[in-house]
Each structure stands twice: as structure tokens, then as C-alpha cells.
Amino acid sequence: NTSPVPKWVLITVTVAVAILLLLFLICIVRCCCGKKKPKKKERINLCAVSNSITASLVQPEMEDLEQRVEQIRRGKLQYSLEYNFRTQELKVGVKQAVELKAMDSGGTSDPYVIVYLTSDVKKRYETKVYRKTLNPIFNESFTFQVPQAEVPESTLVMQIYDFNRFAKHDIIGEVRLPLASVSLQHVIEQWSDLVAASRVEEEQLGEICFSLRYVPSTGKLTVLILEARKLKRMDSHGLSDPFVKVHLILNRKKWKKKKTSVKKNTLSPYFNEVFVFEVPFNQIQNVDVVISVWDHDKVTKNEPIGKLFLGCRATGNQLRHWSDMLSNPRRPLAQWHILQPPDVVDKALGLKSHLRLPLTSR
């Protein structure tokens, strides 16, 4: 007879089997969870990668697209160009605009066009204002006098503004067309997209070349006016009749003056005229030399084109030219200078309006 299995053995086996089953179930659960977790991590990583890709690639493209849409939203302008080589006239036709950007709260604009050339920014034409429309038809033309030699240096600017009776007029957009980039051998008619307006260019008055020479032992200051170029057009036919004045200012008061002859119908005059002033060495530090270019007119008052001054109070190239002259006695030194607006120079000199020098020379 076999002895019965002790009760404690049965209990031990049962507990062991239960523990094994429990461990088996835990392994199964862990394996299942382990398979799911990588998928979750994989999704998270994909999202992170996706976000980084979106940030580095998609967003710039969206910005570019928005910029393109922004430009497109400004609208388009149709215009024509015709250059008459015989009369040297440029005829600009402002035809129409379409799909302009709405600038008013009501979803419309009151557009008009300003037309000018960068070679003479003060001479500007304007079309009529058209009320509450994004598709105005202008059909207006304007004529500019442009010598053939200066055509490649000019840029045609057409700016569309939104008229506002009680506030500043907002610019909708502009078209800039360098004339060197188009063939004016035939009539041009085309559409261009409006783009954001660039900064307003400063008016170009021209340049002048002259030499300075000072001899301390004799107190002789020699000013040789050589030539000028790219002067601002002052006459209706697109040219000027320039001459140059040389003024000496002593202690901010007028002192001596001379002027060149008048050169007719030119924007690039050649003078080669020399003037000698007596300036004692003990006064040279207190003297300002004012060089001004004028447009001669027989009927009306002569008009200043531009000015500049040299002396110890000057700045930039003017001060450098003056300093070089003083450090190189008896040696003539020539240099080109850019003309500045007359009122700006007068303000820098501290001259009062009633102290402006007379037109005639001594």
C-alpha cells in the first residue's frame, strides 16, 4: 500500500503552479505592452520629426507663398512706352489696373497713379482719382524730355496710391522699369505686377570737379573750376544753362565772390576757369569756400541747382579735400564732389536768408 501524499505537498505544488501561471500571465502582459509601447514611441517620434520638418521646410514655403499672394493682391498695372528719337521725348501711357489691393474698410480703394523718372524725381505727373474701385481705367499719357544718352541711366517709376481726403495717402504698390532693360525702338505695351514700394530716392543734383591750391607765403587761394556732370534738368526742354559761383565766407559773413561763364543747353558743362583769392594765412582757418551751380535764365531769376562748401567746418569729402590742400601747400588738388540741396548747405553754413549773396560778381 502506498502512503498518502502529505497535505503540505499538495498545497506546495498548488501554490507553485499558481505562481508559475501568474508569472506566465505577467510575461504575456509585458510582451503585449512591450509591443504596443514602441508603436506609441514611434508615433511620438514621427510627430516630432514631422514638426521639425514642417518648421524647417514647410513654413518657409508657406511664407514665400504668402509673400507671393501678398504681391499678387497688390494688383497689376498696364502701361505703354514710346520714345521719339527725333524730339528725344518719352511718352508714358498709364492704361489701367486690375485686382488692386483693397485699402478702405469697405473693401475698395480710391486709386490714382504718380509717374516720374529717377533722373528727375521732382517732375511728377498724376492721373485722376477713381473712386471706390479695384479695377480703374486711367487712359492717360505723360511726356518726359529725356536725352537719348541719358535714357539707359533712368528708371521709370509708376506708383499707385489710395486717395484719402483726411489722412496720408497710402501706397498700394509700384512698378519700377529700368529703361536700359527695354528696347525703345518700338512701342511697348505690357502688364506688370505691382510690388511693395521701395524707399523714395534722393534727388540727384549732379557732380562738380574742381581743384584747390593754397600758398601760405603769398596768401593766394586758387580755385580752378574744371567741369560738372549729370546736372539736374532745370529747363522745359530737359537741359540747363549752368554756371558756377565761388563764394568766400569769412566768419559766417559774405566776403568775396566770382563766377564762371554760362554754358548753354548742357547737363555736363566744361569750364576750366580759374579764380585767385587773397586769403591771409591767419584767416584761412576762418574761411568757407562755397561752390554753387546755377541755371541761367534771361527772363526769370537764376535758380540754384546745387551747392557744397569746404573749410574747417565742412565734413566728409569736402573736409578731406580742404585738409589735403592745407597739408600740400603750393600743390593743386582736384576732386569730384556731389552737389547738395542749396537750403541744406545754407543751413549748415548758418547763413540767413537775407544774407544770400547777390547774383553779380565783383
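Which residue in β13 stands opposite Lys 220? In this predicted model, the residue opposite Lys 220 is Glu 278. Lys 220 belongs to a pairing in which strand β10, residues 220-229, runs antiparallel to β13 over 7 bridges. Strand β13 itself covers residues 270-278 and has two unlike faces, one covered and one uncovered. The covered face is formed by Phe 271, Glu 273, Phe 275 and Phe 277. On the uncovered face are Tyr 270, Asn 272, Val 274, Val 276 and Glu 278. The partner of Lys 220 is thus found on the uncovered face of β13.

The protein chain as a whole contains 3 helices and 16 strands. Of its 362 residues, 37% are buried. When contacts between residues at least 6 apart in sequence are considered, 65% of them join residues at least 24 apart. The accessible surface of the protein chain amounts to about 21,700 Å², and carbon and sulfur atoms account for 55% of that area.

Helix α1 spans residues 7-74 and includes Val 15. Val 15 contributes to a nonpolar surface patch of about 640 Å², together with Ile 11, Ile 19, Leu 20, Leu 22, Leu 23 and Ile 26. With a relative accessible area of 41%, Val 15 is classed as partly exposed, because the partly exposed class lies between 20% and 50%.

The structure holds 8 salt bridges. One of them joins Lys 76 and Asp 193, with the closest N and O atoms 4.0 Å apart. This pair links distant parts of the chain, since Lys 76 is in strand β1 (residues 76-84) and Asp 193 is in strand β8 (residues 188-193), 117 residues apart. Lys 76 is partly exposed at a relative accessible area of 37%, and Asp 193 is also partly exposed, at 42%.

A salt bridge is also formed by the side chains of Asp 110 and Arg 131, with an N to O distance of 4.0 Å. Asp 110 is in the loop between β2 (89-98) and β3 (111-117), and Arg 131 is in the loop between β4 (120-126) and β5 (137-145), so the salt bridge ties together parts that are 21 residues apart in sequence. The accessibility classes of the two residues are as follows. Asp 110 is buried, with a relative accessible area of 10%, whereas Arg 131 is partly exposed at 47%.

Arg 176 and Glu 174 make a further salt bridge, in which the closest N and O atoms are 2.7 Å apart. Here Glu 174 is buried at 2% relative accessibility, while Arg 176 is partly exposed, with a relative accessible area of 28%.

A buried histidine is found in strand β16, which comprises residues 333-338 and includes His 337. The relative accessibility of His 337 is 1%, so this residue counts as buried. Two polar contacts of the His 337 side chain were identified. One, of 2.9 Å, is made with the side chain of His 321. The other, of 3.1 Å, is made with the side chain of Gln 318. Leaving aside residues up to four places away in sequence, His 337 touches Gly 206, Glu 207, Ile 208, Phe 210, Leu 308, Leu 310, Asn 317, Gln 318 and His 321. Both polar partners, Gln 318 and His 321, therefore appear in the list of residues that surround a side chain counted as buried.

Backbone conformation was also examined for positive phi values. Glu 99 is not a glycine, yet has a positive phi of about 55 degrees. Glu 99 is located in the loop between β2 and β3, the loop that also contains Asp 110. With a relative accessible area of 54%, Glu 99 is exposed, in contrast to Asp 110, which is buried. Arg 330, likewise a residue other than glycine, has a positive phi near 70 degrees. Arg 330 is in the loop between α2 (316-327) and β16, and β16 is the strand that holds His 337.

Technical notes
Residues are numbered from 1 along each chain as its sequence is written. This is a predicted model: local features need pLDDT of at least 70, side-chain atom pairs count only at pLDDT 80 or more; totals for chains, interfaces and linings use all residues. Side-chain values use heavy atoms; hydrogens and water are left out. Patches are made of residues with over 30% relative accessible area and no salt bridge: like charges are joined within 9 Å, nonpolar side chains (Val, Leu, Ile, Met, Phe, Trp, Tyr) within 5 Å. Accessible areas come from the Shrake-Rupley method with a 1.4 Å probe; for residues, only the protein chains shown count as cover. Helices (H or I, at least four residues) and strands (E, at least two) are DSSP runs, numbered from the N terminus. Buried means under 20% relative accessible area, exposed over 50%, partly exposed in between (1.4 Å probe, protein chains only). A polar contact is a pair of N or O atoms within 3.5 Å; within protein, one must be able to donate a hydrogen and the other to accept it, and residues adjacent in sequence count only if both atoms are side-chain atoms. Contact means heavy atoms within 4.5 Å. Two strands pair if DSSP finds at least two bridges between them.
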